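Subject: Structure for your review

Dear colleague,

Please find below the structure that I am handing over to you. My findings follow directly after it.

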Amino acid sequence: MAAISFEIRLRNVEGIPVIQLGGTITQTAVRGVRSTLERLAGAGHYRVVLNVERVKSADWSFLSGLADAVT
């Protein structure tokens with residue numbers, strides 16, 4: 001069985017934080033993204049780009065798992 005891997009990278013593009021996701025999104029990855037969003041909001045960043053271009057997922061319901069972090 002192949003290992004499930006994912007990647008979370010935080011970049012800054014002209015003052016706007018960009019969270020880049022790649023690989024297979026798991027619940028652990030969602031918790032990581034949520035934590036990153038909470039840290040950014042705590043630092044006063046309310047405009048954040050979530051780049052899911054490299055995500056390998058047949059089920060995009062993981063995005064609903066981030067709803068609480070956004071509010």
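Strand S1 (residues 6-13) and strand S2 run antiparallel and are joined by 8 bridges. Please note that this is a predicted model. Within this pair, isoleucine 8 of S1 faces leucine 21 in S2. The two strands form a hairpin, with 2 residues between them.

The turn of this hairpin deserves some attention. Glutamate 14 is located there, in the loop between S1 and S2. Its phi is positive, near 50 degrees, although the residue is not a glycine. As background, most residues other than glycine have a negative phi. Is glutamate 14 buried or exposed? Glutamate 14 counts as exposed because its relative accessibility is 81%, and the cut-off for exposed is over 50%.

Strand S2 (residues 16-23) is, by contrast, mostly covered, as 6 of its 8 residues are buried. S2 also pairs with strand S3 (residues 49-55), in the parallel sense, over 5 bridges. Which residue in S3 is the bridge partner of glycine 23? The partner is valine 55.

Finally, there is the arrangement that includes the helix. S2, helix H1 (residues 27-42) and S3 together make a β-α-β unit, and this unit is right-handed. S2 thus takes part both in the hairpin with S1 and in the β-α-β unit with H1 and S3.

With kind regards

Definitions and conventions. Residues are numbered from 1 along each chain as its sequence is written. This is a predicted model: local features need pLDDT of at least 70, side-chain atom pairs count only at pLDDT 80 or more; totals for chains, interfaces and linings use all residues. Side-chain values use heavy atoms; hydrogens and water are left out. Buried means under 20% relative accessible area, exposed over 50%, partly exposed in between (1.4 Å probe, protein chains only). Helices (H or I, at least four residues) and strands (E, at least two) are DSSP runs, numbered from the N terminus. Two strands pair if DSSP finds at least two bridges between them. A crossover is right-handed if, with the strands pointing away from the viewer, the path from the first strand over the helix to the second runs clockwise.
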